[in-house]
Amino acid sequence: MYYNQLNTQEQALVESRISNESRSLLVVYLLLFFGGGLGLHNFYVKRGFSLAGLGQIILTVLGSLTLFIYIGFIFFLILGLWLLIDALRMPGVVRRDNDLMREELALQIVNNYQL
């Protein structure tokens, strides 16, 4: 909305900031692959604490503690499905985060001109 009100130079400035400060989809997938059970990709994308990250940590701990009685496999199966769903939805999450950042930066530029 505000981004379209900017001229070409201002849009280039916003895009430069986006490319420097945005979340990387490659980093998200690396964190998902290597630290998915700890919810690291959620902490990276959400910029801090998230209930999804906490839920994944709980599933990992419960699965590890109950693996010897084979109940842990159920927790790990649930975690695996959750991580698969996260892998499919992460491009949209990163895109939405970048779009939100783009609009916030554009709003800052528009507000500075109104002062």
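Buried means a relative accessible area under 20%, exposed means over 50%, and partly exposed lies in between. Glu 21, at 36% relative accessibility, therefore counts as partly exposed. The structure is a predicted model.

**Salt bridges**

Four salt bridges are found in a search of the whole structure. Glu 21 takes part in one of them, with Arg 17, where the closest N and O atoms are 2.8 Å apart. Because Arg 17 and Glu 21 are four residues apart in helix H1, about one helical turn separates them. Arg 17 is likewise partly exposed, with a relative accessible area of 36%.

A salt bridge also joins the side chains of Arg 102 and Glu 15. This pair links distant parts of the chain, with Arg 102 in helix H5 and Glu 15 in helix H1, 87 residues apart. Arg 102 is buried, at a relative accessible area of 17%, while Glu 15 is partly exposed at 28%.

Within helix H5, Asp 86 and Arg 89 are three residues apart, about one turn of the helix, and their side chains meet in a salt bridge. Asp 86 has 1% relative accessibility and so counts as buried. Arg 89, with a relative accessible area of 32%, is partly exposed. Shared partners join Glu 15, Asp 99 and Arg 102 into one salt-bridge network.

The N to O distances of three of these contacts are listed below.

| Salt bridge | N to O distance |
|---|---|
| Arg 102 and Glu 15 | 2.7 Å |
| Arg 17 and Glu 21 | 2.8 Å |
| Asp 86 and Arg 89 | 3.0 Å |

**Nonpolar cores and surface patch**

The largest nonpolar core has nine residues: Tyr 3, Leu 6, Val 14, Ile 18, Met 101, Leu 105, Ala 106, Ile 109 and Val 110. Helix H1 (8-21) and helix H5 (72-114) each contribute at least two residues to this core. Helix H5 gives the largest share, five residues. A second core, separate from this one, has five residues, among them Val 45, Met 90, Val 93 and Val 94.

On the surface, Phe 49, Leu 51, Leu 54, Ile 58 and Leu 62 make a nonpolar patch of about 500 Å². Leu 54 of this patch belongs to helix H4 (residues 51-65). Its relative accessibility is 35%, so Leu 54 counts as partly exposed.

**Aromatic rings**

A pair of aromatic rings is described by the distance of the centres and the angle of the planes. The count of aromatic pairs is two. Phe 33 and Phe 34 form an edge-to-face pair, with 4.9 Å from centre to centre and 85° between the planes. Phe 33 is exposed, with a relative accessible area of 66%, and Phe 34 counts as exposed at 66% relative accessibility.

Tyr 70 and Phe 73 form a stacked pair, because their ring planes are at 15°, with the centres 6.0 Å apart; planes under 30 degrees apart count as stacked. Tyr 70 counts as exposed at 61% relative accessibility, whereas Phe 73 counts as partly exposed at 49%.

Arginine side chains also lie over ring faces. Arg 102, the salt-bridge partner of Glu 15, lies over the face of Tyr 3 at 5.8 Å from the ring centre. Tyr 3 is one of the residues of the largest nonpolar core. Arg 23 lies over the face of Tyr 44, at 5.2 Å from the ring centre.

Notes
Residues numbered from 1 in each chain as written. Predicted model: local features only at pLDDT ≥ 70, side-chain atom pairs only at ≥ 80, totals over all residues. Heavy atoms only, no water. Core = buried A, V, L, I, M, F, W, Y, C linked by side-chain atoms within 4.5 Å. Buried < 20%, exposed > 50% of the residue type's maximum accessible area, 1.4 Å probe, protein only. Patch = residues over 30% accessible without salt bridge, like charges linked within 9 Å, V, L, I, M, F, W, Y side chains within 5 Å. Areas by Shrake-Rupley, 256 points an atom, 1.4 Å probe, with all protein chains shown as cover. Phe/Tyr/Trp six-rings, centres within 6.5 Å; stacked < 30°, edge-to-face > 60°. Lys NZ or Arg CZ within 6 Å of the ring centre and 35° of its normal.
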